[in-house]
There are 2 protein chains.
Amino acid sequence: MPDPTATEALGRFVAESRWEDVPETLRREAARSLLNHVGCALGTARDPAVRTALQVMHGLSGMPVATVFGQETRLDAMGAAFVNAVAANLLDYDDTHLDTVIHPAAPIAPALFALAEQHGLSGAAVLHAFLLGGEVACRIGNAVSPGHYARGWHITATCGAFGAAAGCARLLVLDSARSAQAIGIASTQAAGTVENLPTAAKNIGVGNAPRHGIQAALFAAAGWEAAPAAIEGALGWARASGDAPDMAAILGGLGTRWEIGRNTYKPYPAGIVFHAVIDACLELRARPGVVPDAITAVTVAGDALLLARGDRVVRTARDSRVSIHHAAALGLVRGRAGVEEFEAPAVTDPALAAFRSRVSAVLDAGLPRGAARVAIRLADGREEVATVTTPRGSEARPMSDAALEAKFAENAALGGVADRAAAQIEALWTLDRAPDLSRLMALLA
Amino acid sequence: MPDPTATEALGRFVAESRWEDVPETLRREAARSLLNHVGCALGTARDPAVRTALQVMHGLSGMPVATVFGQETRLDAMGAAFVNAVAANLLDYDDTHLDTVIHPAAPIAPALFALAEQHGLSGAAVLHAFLLGGEVACRIGNAVSPGHYARGWHITATCGAFGAAAGCARLLVLDSARSAQAIGIASTQAAGTVENLPTAAKNIGVGNAPRHGIQAALFAAAGWEAAPAAIEGALGWARASGDAPDMAAILGGLGTRWEIGRNTYKPYPAGIVFHAVIDACLELRARPGVVPDAITAVTVAGDALLLARGDRVVRTARDSRVSIHHAAALGLVRGRAGVEEFEAPAVTDPALAAFRSRVSAVLDAGLPRGAARVAIRLADGREEVATVTTPRGSEARPMSDAALEAKFAENAALGGVADRAAAQIEALWTLDRAPDLSRLMALLA
């Protein structure tokens, strides 16, 4: 027997995994991921970008069978999945698998919620499909990292499509072979570039991932096939995108070692690599004598990804969420970095703008991804330095359930549904016992 | 003023082009392209793959505002565009821009027909938008050829998405800036791999291109933006896909030199590079003493693309359409290469299979793309050689209008609408005078 191809191995994993065998900690991580995800989507329900996405998708929608979180309008499964994905990821406040920098929930979970609502499937089925889809996305991402992202592929959108296809295949109870075809079909739909990250086109890429996952699974269910080596073949997705994939990263320990169990949740609505910058600045701000007016210069050191993503001029709210300078200014001047601190009034605040100009960024290739060292010079000549390698919310310092609930409540308030937050949280924590999604969706509509 | 980016220049071209300024020969080429396209789509209306596509898309469809060629069921614009694109391209019988090997009509025209039918737009608007979209696709394709395809990107699907977005932007009368955004948004949707070409996943890629074009234009119309350098930026689509794009290929002579005017139409339902093989074999078969049983060996020489695409074992009908061996066998044994010769009975015909095993393929890098040299050895030791550099249907030997009409009629008969072929042909030749698509679509339904 030849070795299985990547899609064959992943298809079998997706089709044969049993919920009963999934460790309790992993089940809980799935619930935490979905709680965080739904909260993020609720938080942007009133954002003009989400309203526009809803409006365009409404014009394209078939039967309104799926809930759009925080909206009155329902859409077809693909439309709801698109808008919920856009909403959840819009503020860079969602989740992160740090090794790949994939934000797993936005491109995957919306497809699962929509399909499960349409077909009356259980909460446990959604949780399980999310773990399987997330695992597929992160493993394929690991196999092409770091080259894939570095070359310009928005890995959340590209690998997210594979994950969504895998999760949808599971929800539709496809067999191993058809699950493999769904994942292979996703290879012909994976798109999205880093160049577009500062623009709304980013949201198109993220929003399309769950749409494509649904489409891939439906066509696989109908018998359509993809190439056996759709991922790793000589003319397959990975090499076309520039990478000879590390097959061991896809196949090694499949079903026993779970990458999706390493998902993390953001305490700040900013790119994940900026969290250490914020934490270091908050730490410095708490030191004696450190007041904003006394700071004459700030030097932020980080790895190549931090520099590539974050050393930029801030013109818009989108820029501010991926700016070393804004992150440092918030930590040192405002002493907080919530949703408001990355919105228009803060972004154009003259005090913050002036402070941003005192911040410079330097490469320190010795720092690990996600770490930052911040040095400030004070008017009296004193220098203070803080280094953060495990920021709040990182794998080593995960957000507690209580912190996730507080974040959810903050988001629910932003979305105008503060009064329902407690019930929504309870419905999400108990999702594994819900026979279908009707109660949850009634609370989220 | 800085030089315009690729999307800016293309956006302006698309928005500012005037139908009155389009040369008559080019207008005629647009009509020929659409006649060929619609015929190909009708020809596969009864194919199981098209039926499946229709069925899946029916389950996802919104308001049924657009005609699916040769079908009773109508779908929403995106669904109809998907199925018509799949149908038109299914048998590799459609059209080709040889320098890029883009098949321009399938990924672009279905979006235009669907949007124009939905919004009551004129035939001239569709013809014009097709030329503009085709021009955008071929120019972007030129800018990344030959690396893009060679690396594994199915250029019809990837560049087709740009063309569809451009054509849809024109139909929606977007201004220059928004047309540029639509093309930029397409950069985050362009996908499809060569690895998947022998499978149904190919059709997903081709079918998604017009869907994505509609989506890109609708979001651009709603104000969503993409990165200015979405195509040529350091982390943009072209470089992420592996190529530093040749900007002169995109911008040079824009509006005066038309790449889409070089579109060609296939006399045989096979990959374009196999046409010279078929023609050379037909030529050899006509020579004295050349009968199949007397041929002991066949050697087909061609360029790298022919070898890369065509040196394969034939197991399925899909394989047969991209097989050097099958092409040679048809030319020499059957003396014809119509739709039936690439379907199941012919593909599994023992006589053809036995003959295929006598065919070998060799690289001759000195031969231009699309050319072939076929040498046959006869039982009496004699060798005969034929070289074809300009096969039937190539740019140098274009199919006549009459030949295109005959091809259309053949396809209409395959699709079960032979009795309407004459009226359909007449409606397509006079499309430039149609105030809307109602008459054409009534004939095609």
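Which residue's side chain meets that of Arg18(A) in a salt bridge? The partner is Asp21(A), and the N to O distance is 2.9 Å. Arg18(A) itself is partly exposed, its relative accessible area being 45%. Before going further, please keep in mind that this is a predicted model.

## Charged pairs

Over all chains, the structure holds 48 salt bridges. As general background, side chains of opposite charge can pair when their charged atoms come close. Three of the salt bridges in chain A are set side by side here.

| Basic residue | Acidic residue | N to O distance |
|---|---|---|
| Arg18(A) | Asp21(A) | 2.9 Å |
| Arg287(A) | Glu384(A) | 2.8 Å |
| Arg382(A) | Asp380(A) | 3.7 Å |

The middle row deserves some extra words. Arg287(A) and Glu384(A) meet through their side chains in a salt bridge. Arg287(A) sits in the loop between helix H13 (275–285) and strand E5 (295–302) of chain A, while Glu384(A) belongs to strand E8 (residues 383–388) of that chain, so the pair ties together parts that are 97 residues apart in sequence. Arg287(A) counts as partly exposed, at 22% relative accessibility, whereas Glu384(A) counts as buried, at 15%.

In the last row, Asp380(A) is exposed, with a relative accessible area of 59%. Its partner Arg382(A) is partly exposed, at 30%.

Charged residues also join into a network: salt bridges link Asp99(A), Arg257(A), Glu259(A), Arg262(A) and Glu395(A).

## Charges over rings

Charged side chains also turn up over aromatic rings. In chain A, the charged end of Lys407(A) sits over the ring of Tyr93(A), 4.2 Å from its centre. In chain B, Arg28(B) lies over the face of Trp429(B), and the distance to the ring centre is 3.8 Å.

## Aromatic pairs

How many aromatic pairs are there over all chains? The count comes to eleven. One of them is formed by Phe82(A) and Phe219(B), a tilted pair with 5.4 Å centre to centre and 40° between the planes. Phe82(A) lies in helix H4 (residues 77–89) of chain A and Phe219(B) in helix H10 (residues 201–221) of chain B, so this pair joins two chains. Both Phe82(A) and Phe219(B) are buried.

Another pair, Phe162(B) with Trp237(B), is edge-to-face, at 4.8 Å centre to centre and 65° between the planes. Phe162(B) comes from helix H8 (residues 155–171) of chain B and Trp237(B) from helix H11 (residues 237–240) of chain B, so the pair ties together parts that are 75 residues apart in sequence. Phe162(B) and Trp237(B) are both buried.

Returning to the pair across chains, Phe82(A) and Phe219(B) form one aromatic cluster with Trp224(B).

## The nonpolar core

The largest nonpolar core has 316 residues. Which of its residues touch the most other members? They are Phe113(A), Val298(A), Phe113(B) and Val298(B). With neighbours within four places in sequence left aside, Val298(B) is in contact with a set of residues including Ala328(B), Leu332(B), Phe355(B), Val359(B) and Ile376(B). Arg358(B) and Ser360(B) are also among the contacts of Val298(B).

## Cysteines without partners

The structure holds zero disulfides over all chains. For Cys159(A), the nearest cysteine sulfur is that of Cys138(A), 8.5 Å away, and Cys159(A) is in no disulfide. Why does Cys168(A) form no bond with Cys159(A)? Cys159(A) holds the closest cysteine sulfur to that of Cys168(A), but the two are 16 Å apart, too far for a bond. Cys159(A) counts as buried, at 0% relative accessibility, and Cys168(A) counts as buried at 0% too.

## Backbone details

A cis peptide bond joins Ser145(A) and Pro146(A), with omega about 5°. Pro146(A) is in the loop between helix H6 (123–144) and helix H7 (147–151) of chain A. In chain B, the peptide bond from Ser145(B) to Pro146(B) is cis, with omega near 0°. Pro146(B) is found in the loop between helix H6 (123–144) and helix H7 (147–151) of chain B.

Positive phi values occur in residues other than glycine. Val173(A) has a phi near 55° and lies in the loop between helix H8 (155–171) and helix H9 (176–186) of chain A. Val101(B) has a phi of about 60° and is placed in the loop between strand E3 (95–96) and helix H5 (105–119) of chain B. Are these valines buried or exposed? Val173(A) is exposed, with a relative accessible area of 70%, whereas Val101(B) counts as buried, at 6% relative accessibility.

Notes. Residues numbered from 1 in each chain as written. Chains lettered and ligands numbered in written order. Predicted model: local features only at pLDDT ≥ 70, side-chain atom pairs only at ≥ 80, totals over all residues. Heavy atoms only, no water. Disulfide = S-S within 2.5 Å. Buried < 20%, exposed > 50% of the residue type's maximum accessible area, 1.4 Å probe, protein only. Salt bridge = Lys/Arg side-chain N within 4 Å of Asp/Glu carboxyl O. Helix = DSSP H or I, 4+ residues; strand = E, 2+ residues; numbered from the N terminus. Core = buried A, V, L, I, M, F, W, Y, C linked by side-chain atoms within 4.5 Å. Contact = heavy atoms within 4.5 Å. Phe/Tyr/Trp six-rings, centres within 6.5 Å; stacked < 30°, edge-to-face > 60°. Lys NZ or Arg CZ within 6 Å of the ring centre and 35° of its normal.
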